[in-house]
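Trainee: I would like a close look at a single part of this model, with the rest brought in where it touches that part. Please take one helix and follow its contacts.

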Amino acid sequence: MKKNEQLTDSMFNIMAALTKPRHGYAIMNLIEETTKGAITIGPASMYTIIKKLLSQEWIYLYDGTDSRRKTYLLTEKGREVLEEDIKLRKLTIQLAETGLKEVE
């Protein structure tokens, strides 16, 4: 990942869900349940993003034996990209929290 390249929120959430092997429906459910419905990703968006993540080699097809239920998993490169993005997101949250405290 380039230093100035950042994951979109949808890419981030899908990659975060793929720290364990999951198929598309499980990814969508995990994101929706974890965020208590605040974030939902539709199937069309999810599979478009999965295609991009596959081409970037940030995820791979873990099990494609059932054509209707393909499972995916982060690659080592994908794990590194996710970890770098988490660090950046923590810094931006810290910036926002610090700014809000200064206003109080």
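Mentor: What follows is an account of helix α1, its packing partners, and then the sheet.

This is a predicted model, in which local features need pLDDT of at least 70, side-chain atom pairs count only at pLDDT 80 or more, and totals for chains, interfaces and linings use all residues. Residues are numbered from 1 along each chain as its sequence is written, and side-chain values use heavy atoms, with hydrogens and water left out.

The setting comes before the helix. The chain has four helices and three strands, in the order α-β-α-α-β-β-α along the sequence. Helices (H or I, at least four residues) and strands (E, at least two) are DSSP runs, numbered from the N terminus. The C-alpha trace spans about 55 × 30 × 20 Å along its principal axes. Of the 104 residues, 30% count as buried, where buried means under 20% relative accessible area, exposed over 50%, and partly exposed in between (1.4 Å probe, protein chains only).

Now α1 itself. Two packed helices are described by the angle between their axes and the distance between the axes. Here axes are lines fitted to C-alpha atoms, for helices over the stretch in contact, and angles run from 0 to 180 degrees between N-to-C directions. Helix α1 (residues 9-17) and helix α2 (residues 24-34) have axes that come within 9 Å and cross at roughly 110 degrees. α1 is therefore roughly perpendicular to α2; angles under 35 degrees count as roughly parallel, over 145 as roughly antiparallel, 65 to 115 as roughly perpendicular and the rest as oblique. From α1, N13, I14 and A17 meet I27, L30 and I31 of α2, contact meaning heavy atoms within 4.5 Å. By class, this contact has five nonpolar, one polar and no charged residues. Ala, Val, Leu, Ile, Met, Phe, Trp, Tyr, Cys and Pro count as nonpolar, Asp, Glu, Lys and Arg as charged, and the others, Gly among them, as polar.

The second partner is helix α3 (residues 43-55), which packs with α1 at an angle of about 75 degrees, the axes 10 Å apart. That makes α1 roughly perpendicular to α3. S10, M11, I14 and M15 of α1 meet M46, I49, I50 and L53 of α3, and this contact has seven nonpolar, one polar and no charged residues.

These contacts lead into the core. A nonpolar core is a set of buried Ala, Val, Leu, Ile, Met, Phe, Trp, Tyr and Cys residues joined through side-chain atoms within 4.5 Å. Among the 21 residues of the largest one, I14, M15, I27 and L53 touch the most other members. Two or more residues each come from α1, α2, α3, β3 and α4 (76-103), and α1 gives the most, with five. Neighbours within four places in sequence aside, L53 is in contact with M11, I14, M15, W58 and I59.

β3 belongs to an open sheet of three strands in the order β1-β3-β2, with antiparallel pairing; two strands pair if DSSP finds at least two bridges between them. β2 pairs with β3 (residues 71-74) over four bridges, and β1 pairs with β3 over two. Y72 is the bridge partner of R22 and also of L61. T71 and L73 point one way from β3, Y72 and L74 the other way, and all are buried.
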